[in-house]
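Visitor: Please take one part of this model and go through it closely. I would like to see how that part sits in the rest.

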Amino acid sequence: MSAASVDPVAEALKLGIRAYQFTLRPFIGAHCRFHPHCSAYGLEALSEHGALRGTALTARRVLRCNPWNPGGYDPVPPAKKT
Amino acid sequence: MDNKRLLAAIAISIGILLMFDVFNRPAREAQRQAAQNVQQSQTSSVPLPQANTALNPAGVASTGGNDGAPITPAPRLRIESPRVEGSLNLRGARLDDLVLRDYRETIQPNSPNVRVLAPREDPAAYFAQWGWTAADGRTAVPGPSTDWTAEGGSLTPATPVTLRWDNGAGQRFEIALSLDANFMVTAEQRVVNTGAEPVQVLPWARVRREHTPVVAGYYILHEGFVGVLDGRLRETKYADAKTEAARRNGGPALEQEGAGGWAGFTDKYWLAALAPVDQAGRDRAAFRHTSEGGQDRWQVDFSPTSAVTAEPGATAGFATRLFAGAKEVHLLDSYTSNLGITDFDKAIDFGWFYYITKPFFYGLDWLYKLTGNFGVAILIFTIALKILFFPLANKSYKSMARMKTLGPKMQELKERNKDDPAKMQQEMMTLYKTEKINPAAGCLPILLQIPVFFSLYKVLFVTIEMRHAPFFGWIRDLSAPDPTNLFTLFGLIPWDAPAFLHMPAWAIIMGITMFIQFKLNPTPPDPIQAKLFAFMPIIFTFMLASFPAGLVIYWSWNNLLSVAQQYYIGREDRIARANEKALART
């Protein structure tokens, strides 16, 4: 479902990620092992897949973003056609 | 792009808000001061409320008024221990005079001791009181102008004192007071019925604050009503209690029945709170606000859930404890374990990350006792945390040899995608993956560190150990803002700079270390973020200028350690780059 632009929960979560990018990120620096970066991935995942699946995808991505994962190019999977 | 413009607007607004807060804080303080002065001048002329005889715990709220002008000066019972001194007003059984012998107002050795409780005549009126309401509507109960008798000398840890009053109708009221070696008073209220009829009374204990204290107003520090009621921590700000009481038409801002617990008022470092002695029994507690002649009155009270009955020849009682003193963590802990007061340590605002902040406090406190200086303890503790997290940040660049062989490939990749940075980054990531090397530590370890370092910051904010603790050089109180100021050239210009022109040395050091740290971090790809990124050190330098020096020192030190860590981690990167260059030359 890609009518996520009207999903208020997803929008709120995206605002949260935006807030992170503008406040905390400057402090801790960008240390992502992936492309796109986790926060960008989160924004895209929430837009593409809505609040629920978007959050799950983002959580999965952040958990994978650790020194024991090789990292690399890891785009958001495309939304299923309905 | 509209989206970007919107984000820029948001970013700028946040910046302005932060600045506004900083510049406005002194003004707000001044306002509060003025309000207090007004209050001071009015206290004497405002008529005090009449006693309310209605049976209903809300009636407790106004039983404190004077029934008439007292003719004789009120007799007092002296209170004395190695840690506190003061007195109890025998007229009305009000404990309204208590100072802490171990704490002084300022760092000057001859400055006055910190006062926790103060009489009604004082602009900072704040007292504890024990009393009864006649539940049967006919029993004569002691009132606010009742003169109690006390036998013996002072109330000390070795000598408990019992207050007595006979209503002349067959009932004797008693308040048995005892004091421990620290800040706890135990009060056992009894009504001894020698009459022929049973009597029903509602005993109560209250802490009442007849002024609104100056609060520091920091977002991460709670000041106001606090308590653990029915197993739950309740924190209500003064302003919120007022709104809530108004919404309930003068009713309690919060009323809770439950087993045990405690409730009172917390300042940053001081607490006055009540707790039923029997923590297993059910009691009723309330947070209240009333307005008397335009003055705000705040009250926390405890009472049994219903009136108690004393049959002829029998006694009915209610026992509470009153804590009035400094929120020393170990002391509060000991009251929880020895007296069974539920979660008494939560009077200290350890916050959401309680299970991190509390152990951090113990660690810091241990280092403090070891080194004898709290500032040094902060520095050591921060290093220890950084070392603990270092493996997470450093598990990268494992294979120097691989990085070397990668050099030419990297060079070729950069050449190929000179005009498309996004594509270049994508290909670089793919290269890292196939070669099984990756220079970044990853988001997870970084995100895990956020609550940890926030917790340390929070502990430093709330802990009383930092109060009046000196550090090297000009810092004589880690909990106060750094007194030096750039705008007086650190004292060279004899000029009393306005409060908003306060730029202490440590804030400048903090700003510089933050600037260096940001320089080492990769710049965000988004241009607006990059702009904000550049301004952040300046914004924070101003924001932290008025913060406790200990926090600014912690922040500077943390930045410095981050820089050192990044420099260390990056050393192999630099060698690799040098090799790349060498290869490119051949």
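Guide: Along its sequence, chain A of this predicted model follows the pattern α-α-β-α-β. That makes three helices and two strands for chain A. Of the 82 residues in chain A, 55% are buried. Its accessible surface is about 4,100 Å², and carbon and sulfur atoms account for 68% of that area. Among contacts in chain A between residues at least 6 apart in sequence, 69% join residues at least 24 apart.

Chain B has 12 helices and 19 strands. Of its 586 residues, 51% are buried. The accessible surface of chain B comes to about 26,800 Å², with 60% belonging to carbon and sulfur atoms. For contacts in chain B between residues at least 6 apart in sequence, the share joining residues at least 24 apart is 64%.

The part for a close look is a sheet in chain B. This open sheet has nine strands in the order β6-β7-β8-β9-β19-β15-β14-β11-β12, with antiparallel pairing. Strands β6 (149–150) and β12 (232–236) of chain B are its edges, since each pairs on one side only. As a general point, strands of a sheet pair through backbone hydrogen bonds, either parallel or antiparallel.

Start with strand β8 of chain B, residues 171–179. This strand is mostly covered, with seven of its nine residues buried. On one side, six bridges connect β8(B) to strand β7 (residues 161–166) of chain B, and the two run antiparallel. One of these pairings sets B:Thr162 against B:Ala176 in β8(B). Four residues lie between β7(B) and β8(B), which form a hairpin. In that turn, B:Gly168 has a positive phi of about 75°.

Strand β8(B) also pairs with β9(B), in the antiparallel sense, over nine bridges. Here B:Glu174 stands opposite B:Arg190 in β9(B). These two strands are likewise joined by a hairpin, through four residues.

Next comes the pairing of strand β9 (residues 184–193) with strand β19 (residues 315–326), both of chain B. Nine bridges join them, and they run antiparallel. B:Arg190 appears again in this pairing, opposite B:Gly317 in β19(B). B:Gly317 is partly exposed, because its relative accessible area is 45%, between the 20% limit for buried and the 50% limit for exposed. Leaving aside neighbours within four places in sequence, B:Gly317 is in contact with B:Gln189, B:Arg190 and B:Val308. B:Gln426 is 109 residues from B:Gly317 along the chain, and the C-alpha atoms of the two are separated by 76 Å.

Now return to β8(B) and consider one residue number within its range, 177. Leaving aside its neighbours within four places in sequence, B:Leu177 is in contact with ten residues listed here: B:Leu77, B:Leu88, B:Trp130, B:Leu155, B:Pro160, B:Val161, B:Leu163, B:Val185, B:Thr186 and B:Ala187. B:Leu177 also belongs to the largest nonpolar core, which has 123 residues. Within this core, B:Leu95, B:Trp130, B:Leu163, B:Leu177 and B:Trp262 touch the most other members. Helix α8 (residues 443–462) of chain B gives the most residues to the core, eight of them. Domain 1 (76–349) and domain 2 (366–584) of chain B both contribute residues, so the core lies between them.

There is also a second, separate core of seven residues, which includes A:Phe34, A:Val62, A:Cys65 and B:Cys443. A:Cys65 has a relative accessible area of 0% and is buried.

The cysteines leave one matter to settle. In general, a disulfide is a covalent bond between the sulfur atoms of two cysteines. The count over all chains is zero disulfides. A:Cys38 is in none, and the nearest cysteine sulfur, that of B:Cys443, is 3.2 Å away. The cut-off is 2.5 Å, so that pair does not count. A:Cys38 is buried, at 7% relative accessibility. For A:Cys65, the closest cysteine sulfur is also in B:Cys443, and the distance of 3.6 Å is too far for a bond.

Technical notes. Residues are numbered from 1 along each chain as its sequence is written. Chains are lettered from A and ligands numbered from 1 in the order in which they are written. This is a predicted model: local features need pLDDT of at least 70, side-chain atom pairs count only at pLDDT 80 or more; totals for chains, interfaces and linings use all residues. Side-chain values use heavy atoms; hydrogens and water are left out. Buried means under 20% relative accessible area, exposed over 50%, partly exposed in between (1.4 Å probe, protein chains only). A nonpolar core is a set of buried Ala, Val, Leu, Ile, Met, Phe, Trp, Tyr and Cys residues joined through side-chain atoms within 4.5 Å. Domain bounds come from an automatic or database domain assignment. Contact means heavy atoms within 4.5 Å. Accessible areas come from the Shrake-Rupley method with a 1.4 Å probe; for residues, only the protein chains shown count as cover. Two strands pair if DSSP finds at least two bridges between them.
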